[in-house]
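Student: I have the sequence and the model open. Can we go through it by question and answer?

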Amino acid sequence: DQRDILHRLRQAAFETESENNLNHERRRSLCAKEFKKLGFSNNSNPGQDLVRTPPGLLALDTMYYFASGYPDAYSRFVLENSSREDKHECPFARSSIQLTLILCEILRIGESPSETGSNYHPIFFSQDQLLEELFCVCIQLLNKTWKEMRATQEDFDKVMQVVKEQITRTLSSKPTSLELFKNKVNALNYSEILKLRQTERLHQEETLAPPVLELKERLKPELLELIRQQRLNRLCQGTMFRKISSRRRQDKLWYCRLSPNHKMLHYGDVDEEAENPAIETLQEKIPVADIKGLLTGKDCPHMKENKGKQTKEVLDLAFSITYDVEEYSLNFIAPSRTDFCLWTDGLSVLLGRDMSSESMRSELEILLSMEIKLRLLDLENVPIPDSAPAIPKPPSNYNFCYEFNQTEQ
């Protein structure tokens, strides 16, 4: 019977009509090849894959229930994976056996009833053949998760862990019907699982505890000052900028840097070969005290002049400083987004404004995370309370104090 079911599974997937015309050897070879495509490890005798218990022959029952109850979904699963590269295909038989085992573990199938057990799944009372129906939903979920993870054969165990988590989390919300379970488990995709894991890890590391959040706020000013200093140091090193002209071949290079005392911006044209030219070689200068404002993107004068001709890429890298009177400005096109962030932050610091670039936010988050982890090293495995302990009342008298004088030494 089991051999017949295995062959029915194979025939439903591949529909080999001319099989009977083949001699014994050729037929055997074809069967082995198709069992391999189905995902059996032992393709010459697939029954050997079902020896492990649990799930044993229960896995064969669930596979056959899926193939006969949902023939289109079954054919789609097998054919879709047969057409992928060998390492990227999701093995149906191996996945089904492992999935059946996972369902047995979650639903405690094969274990004797526990008198103290408190798990109650209302979904059991909505369906006659719940295990088989759950399997049919979950095997399709497994294929979906496999694609979302862009998994290879080496990632098999990782995919199974994610699928187990998807099923466990969905069942813990106590769905009352199979349809509800199906909707919830499919909504809980791989990216959602990653977000949940991240949040739980942060809670576990106590980084979301109120005292830790308070510590973060106290550390912020010190770390922001560190970033400010780095930005000013970077401006003192200077950057090579390219002049944008209507004729690309006439593009020239110019260099701009901040004086070490942060009082002057020096700039001037340079040759292609020049690297970090000295301040003395830069002919022009602007006193920082005369800088009135910082403009970015399409607000810059050199972007307004060539309106409609600039690409989004250039707009994202453009910034200008205005000085003396509004019509005078120094216009920049940063070589990269990183340089744009460094210069706009540095100029904001010189103007006494807050830094606002995405680069600053990212660096602040990294520095805060590292600093918090260092501070909490000594508190490993010590629970952090949400609120500070109450300060005890002062004693009624201080007679226990001892007056120490120097002569007693």
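Student: Is T152 buried or exposed?
Tutor: This is a predicted model, so treat each value as computed from it. The relative accessible area of T152 is 14%. The cut-off for buried is under 20%. T152 is therefore buried.

Student: Where is T152 found, and which residues beyond its sequence neighbours is T152 in contact with?
Tutor: T152 sits in the loop between α6 and α7. Set aside the neighbours within four places in sequence. The contacts of T152 are then K87, H88 and W146.

Student: Which element of the protein has the highest mean pLDDT, and which the lowest?
Tutor: The mean pLDDT of the protein is 85, and 91% of its residues reach 70 or more. Where pLDDT is low, predicted coordinates should not be read in detail. Among the elements, helix α7 (residues 156–172) has the highest mean, 94, and helix α11 (residues 301–305) the lowest, 77.

Student: Which element gives the largest share of the largest nonpolar core?
Tutor: That core has 55 residues, and L38, M63, Y74, L99, I167 and F181 touch the most other members. The elements giving two or more residues to this core are α1, α2, α3, α4, α5, α6, α7 and α8. The largest share is 11 residues, and it comes from α6.

Student: Which residues is Y74 in contact with, leaving aside neighbours within four places in sequence?
Tutor: Y74 is among the core residues that touch the most other members. With those sequence neighbours left aside, the contacts of Y74 are L9, R10, A12, A13, L38, F66, A67 and F92.

Student: How many residues are in the second core?
Tutor: This core is separate. Its members include L223, V288, I291 and I384. The count is 43 residues.

Student: Is C104 buried or exposed?
Tutor: C104 lies in helix α5. Of the 16 residues of α5, 13 are buried, so the helix is mostly covered. C104 is in contact with L58 and I109, leaving aside neighbours within four places in sequence. At 5% relative accessibility, C104 is buried.

Student: How far does α5 reach from its first C-alpha to its last?
Tutor: α5 has 16 residues. At 1.5 Å a residue, 22 Å is expected. Just after α5, R108 takes a positive phi of about 55°. The reach of α5 is close to expectation, at 22 Å.

Student: What separates the C-alpha atoms of C104 and P335?
Tutor: Along the chain, C104 and P335 are 231 residues apart. In space, their C-alpha atoms are separated by 59 Å.

Student: Which strands stand at the edges of the four-strand sheet?
Tutor: The sheet is open, with the order β1-β2-β3-β4 and antiparallel pairing. An edge strand here has a single partner, so one of its sides is left without a neighbour in the sheet. The edge strands are β1 (239–242) and β4 (284–287).

Student: What is the bridge partner of Y267 in β4?
Tutor: Strands pair through backbone hydrogen bonds, either parallel or antiparallel. Strand β3 (residues 264–270) and β4 pair in the antiparallel sense over four bridges. The partner of Y267 is E284.

Student: Which helix packs on this sheet, touching β1 and β2?
Tutor: Neighbouring strands of the sheet are turned by 25° against each other on average, direction ignored. The helix that touches β1 and β2 makes about 135° with the direction of β2. That helix is α10 (residues 210–237).

Student: How many residues of strand β6 are buried?
Tutor: A318, S320 and T322 point one way from β6. F319, I321 and Y323 point the other way, and all are buried. Strand β6 (residues 318–323) is therefore largely enclosed by the rest of the structure. The count is six of the six.

Student: What are the bridge partners in β7 of F319 and I321?
Tutor: The open sheet has the order β5-β6-β7 and antiparallel pairing. β6 and strand β7 (residues 328–333) pair over five bridges. F319 has F332 as its partner, and I321 has L330.

Student: Which helix lies across β5, β6 and β7?
Tutor: The edge strands of this sheet are β5 and β7, each pairing on one side only. The helix across the three strands runs at about 20° to β6. That helix is α13 (residues 337–350).

Definitions and conventions:
Residues numbered from 1 in each chain as written. Predicted model: local features only at pLDDT ≥ 70, side-chain atom pairs only at ≥ 80, totals over all residues. Heavy atoms only, no water. pLDDT = per-residue confidence, 0-100. Core = buried A, V, L, I, M, F, W, Y, C linked by side-chain atoms within 4.5 Å. Buried < 20%, exposed > 50% of the residue type's maximum accessible area, 1.4 Å probe, protein only. Contact = heavy atoms within 4.5 Å. Pairing = 2+ DSSP bridges. Axes fitted to C-alpha atoms, helices over the stretch in contact; angles between N-to-C directions. Expected span 1.5 Å × (residues − 1).
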